[in-house]
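Here are a few exercises to work through with the model open beside you. Take each task on your own before reading its solution.

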Amino acid sequence: MEGTTRILHVLGRLDRGGAETMVMNLYRHIDRSRMQFDFVIHTRDTCDYTEEIMALGGRIYSMVPFRASTALLYLRQWRRFFRAHPEYQIVHGHMRSTASLYLHEAKRAGCVTLVHSHNTSSGSGLSALIKNMLQYPLRFQADYLFACSRAAGVWLYGRRACETDRFHILYNGVEPERFRFREEVRQAKREELLPADGSAADALVFLHIGRLERQKNHAFLLQIMARIVKHAPGAVLWLCGVGPLEEQLRQQAKQYGIEGVVRFLGMRTDVPALMQAADVMVFPSLFEGLPVSLVEAQAAGLPVLMSDAVTEEVILTRLVHALPLHAGPVRWARAALAMAGGTRERPGSSAPADRAAYAETIGQSGYDATENAGEMTAFYEAVTGQKGRRVQKRGQADRAGRKNRK
């Protein structure tokens with residue numbers, strides 16, 4: 001549409017991960033007569049959000065992924081991209097590992113550059129070391145530094161950068177009304193997924209949502225579940241997500257004798273209903289930025305038992321209880337059962353009866369995607385205007401210089 005500002009977002013893929021979901025929540029709620037999102041991704045696959053983006057008017061471009069041996073090729077493809085697409089004034093980078101490379105080319109092309117931190121660690125090993133080296137220049141290089149939480153910002157940019165006016169926290173906004181608890185939704189989903197033997201009403205359902213990879217610590221989660229079923233034989237665990245560890249986790253569940261208790265649900269589009277049907281979200285991550293799924297869980301009135309490695313900034317209600325991982329699976333199982341009502345013991349963060357009230361609480365806490373989209377639209381328009389004024393001044397200076405040379 002003529003006059004629409006197109007924002008270029010850079011991601012690895014367009015699946016239902018935390019960063020991707022945050023961006024899509026913004027995209028659905030921006031005024032697309034003023035702003036349009038386009039995407040560069042590092043795969044040629046059709047991803048979870050591909051069709052929706054195309055339907056909303058977005059464009060998707062694919063890049064060859066970065067390899068250490070092909071760094072110059074990676075830079076050249078970005079240089080060619082910006083020569084072919086001068087329409088982009090703003091580049092918003094969410095893929096931080098190579099952001100110092102593609103933002104360098106974006107700045108050469110005259111774009112305003114934003115980088116966005118969604119995590120608090122690169123993991124471990126040689127790959128993490130290389131990522132950390134590539135990421136360090138971002139605090140000096142990008143025009144604006146964004147993060148989903150202060151902890152995520154300090155980790156990527158350092159404390160000093162986070163004290164400047166270049167740093168901004170953008171809450172991982174959700175759509176609270178989609179998650180508002182409804183008893184009929186809960187019952188329908190439980191009848192769909194639980195055994196058809198009349199036990200659906202009483203079964204304790206524990207839920208985890210996240211990619212099946214080391215960061216999410218599913219191995220520890222299965223140890224917890226093995227203890228839970230000793231005290232609550234009818235309990236089940238729903239695992240939503242896909243990833244490289246799926247087969248390994250299936251074997252571990254079999255080893256613990258809980259393969260009939262753990263349901264691998266894969267990638268889901270019915271997350272709001274799953275959260276309403278569940279009794280506790282168990283989230284023992286090794287590290288996180290600010291997980292969108294935990295904000296959504298609170299909007300659904302779902303109690304959350306999380307690792308204390310997750311930033312406290314995600315604790316928006318008294319639904320959330322944090323435990324250290326070194327407390328061990330027995331203590332975690334005891335706390336999860338208590339929060340689910342499986343024992344008389346209840347942590348102070350257990351949920352009240354009125355789960356529906358939490359949707360409004362989350363909406364009023366600054367995590368409403370509609371409000372976030374309005375804030376980002378205003379920000380994009382402001383920096384675009386500043387860029388336009390800078391370009392205009394530079395053009396005037398160039399013309400004055402040419403005149404003086406004459």
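The exercises below concern a predicted model, and they go from sheet to helices to core.

**Exercise 1.** Work out the strand order of the open sheet and find its edge strands.

*Solution.* Start with the order: 7 strands run E3-E2-E1-E4-E5-E6-E7, with parallel pairing. Next, look for strands that pair on one side only, which are E3 (60-62) and E7 (167-169). From one strand to the next, the twist averages 25°. Now zoom in on one pair: E1 (residues 5-10) and E2 (residues 35-41) are parallel over 6 bridges. Within E2, aspartate 38 is the bridge partner of leucine 8.

**Exercise 2.** Place helices H3 and H4 on the sheet, then describe how they pack.

*Solution.* First, H3 lies across E1, E2, E3 and E4 (90-93), at about 170° to E1. H4 lies across E1, E4 and E5 (112-117), at about 160° to E5. Then compare the helices: H3 (residues 71-84) and H4 (residues 99-108) pack at about 35°, their axes 9 Å apart. Their crossing is right-handed. H3 contributes Tyr74, Leu75, Trp78, Arg79 and Phe82 to the contact, while H4 contributes Leu101, Tyr102, Glu105, Ala106 and Arg108. Sorted by class, the contact has 7 nonpolar, no polar and 3 charged residues.

**Exercise 3.** Which members of the largest nonpolar core touch the most others?

*Solution.* Among its 95 residues, they are Trp78, Trp238, Met275 and Met281. Helix H1 (residues 18-29) gives the most to this core, with 6 residues. Another core, of 32 residues, lies apart from it and includes Met225 and Val229.

How values were computed
Residues are numbered from 1 along each chain as its sequence is written. This is a predicted model: local features need pLDDT of at least 70, side-chain atom pairs count only at pLDDT 80 or more; totals for chains, interfaces and linings use all residues. Side-chain values use heavy atoms; hydrogens and water are left out. A nonpolar core is a set of buried Ala, Val, Leu, Ile, Met, Phe, Trp, Tyr and Cys residues joined through side-chain atoms within 4.5 Å. Buried means under 20% relative accessible area, exposed over 50%, partly exposed in between (1.4 Å probe, protein chains only). Helices (H or I, at least four residues) and strands (E, at least two) are DSSP runs, numbered from the N terminus. Axes are lines fitted to C-alpha atoms, for helices over the stretch in contact, and angles run from 0 to 180 degrees between N-to-C directions. A crossing is left-handed if the near helix is turned anticlockwise from the far one by less than a right angle, and right-handed if clockwise. Contact means heavy atoms within 4.5 Å. Ala, Val, Leu, Ile, Met, Phe, Trp, Tyr, Cys and Pro count as nonpolar, Asp, Glu, Lys and Arg as charged, and the others, Gly among them, as polar. Two strands pair if DSSP finds at least two bridges between them.
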